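Please examine the sequence and the structure shown below. The report that follows is intended as a guide to some of their features.

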Amino acid sequence: NNPADYMALAEEIEERDLHYASVLRTRKLAVAKISPTVEAASDLPADVEMAERVRELVSDDGIPELLFDLFDGLGKGVAVVEMLWDTTKTPWTPREYRWVDPRFLRPDLATQREILLISDDAPQGKPLEPYKFLVHTPRTKSGSIWRNGLTRLCAVMYMLKSFTVRDWWAFAEVFGIPVRIGKYGAAATPEQIQTLISAIGQI
């Protein structure tokens, strides 16, 4: 069970299966267009101030795209977005959100619960840095997040559909093409007849 292979399969299905891609995109866009609301935890000044700061963050133009990228986890079981911070002023604020390619994500070997990120510095993966990543693990079923994506449910049907479509393409390539007929005279040698048969077979 290689997570990289599964993530690559999830990408392929979403790119090639029009119905699957349409259903996933509908879900993503439905959430991305919702305007977030923020309520203070209490009437205390600190909570009210914190709520106001969060409102400023979620009013950013990049939030819909952030939500769209996080909902990539619906198909794959997990989605990670990196936050790039603007450290030129205090308090720090996110200046950009970057989708992390899930093919570079791995579970830790000990518990299979922690998400590791593959990089040049950590070819075996290292834990996500605190305050630097946003993670979405949709709860579509109980169990490991690595077996939780909708792609796993659709993979077999995608395979069968792909085989069927390929067969129809092969049929369509030759359907309606005239029958090949080769003629040879009574004096033709066996070698000449075989040459004619080979030529027809290669058309």
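This report on a predicted model treats a pocket, a sheet and the surroundings of aromatic rings.

## The largest pocket

Rolling a probe the size of a water molecule over the atoms reveals where empty space remains. In the largest pocket, this space amounts to about 490 Å³. The elements that each contribute two or more residues to its lining are α3 (45-58), α4 (63-70), β1 (79-86) and β2 (93-99). Of these, α3 provides the largest share, with 6 residues.

The lining consists of 18 residues in total, and those nearest the centre of the pocket are Arg-53, Val-54, Leu-57, Thr-93 and Pro-94. By character, 14 lining residues are nonpolar, 1 is polar and 3 are charged.

## The three-stranded sheet

Strands of a sheet pair through backbone hydrogen bonds, and the pairing may be parallel or antiparallel. An open sheet in this model contains 3 strands in the order β3-β4-β5, and its pairing is antiparallel. Strands β3 (105-107) and β5 (126-127) form the edges, since each pairs on one side only.

Strand β4 comprises residues 115-117 and is joined to β5 by 2 bridges. Across this antiparallel pair, Leu-117 stands opposite Lys-126 of β5.

## Aromatic rings and charges

A pair of aromatic rings is described by the distance of the centres and the angle of the planes. The count of aromatic pairs in this model is 0.

Two rings nevertheless have a charged residue over the face. Lys-28 lies over Phe-68, at 5.2 Å from the ring centre. Arg-152 lies over the face of Tyr-6, at 5.1 Å from the ring centre.

Methods. Residues numbered from 1 in each chain as written. Predicted model: local features only at pLDDT ≥ 70, side-chain atom pairs only at ≥ 80, totals over all residues. Heavy atoms only, no water. 1 Å grid on protein atoms, 1.4 Å probe; cavity = no way out; pocket = protein on both sides within 12 Å on 5 of 7 lines; lining within 4 Å. Points joined across faces, edges and corners; volume = space filled by probe spheres on them. Helix = DSSP H or I, 4+ residues; strand = E, 2+ residues; numbered from the N terminus. Nonpolar A, V, L, I, M, F, W, Y, C, P; charged D, E, K, R; others polar. Pairing = 2+ DSSP bridges. Phe/Tyr/Trp six-rings, centres within 6.5 Å; stacked < 30°, edge-to-face > 60°. Lys NZ or Arg CZ within 6 Å of the ring centre and 35° of its normal.
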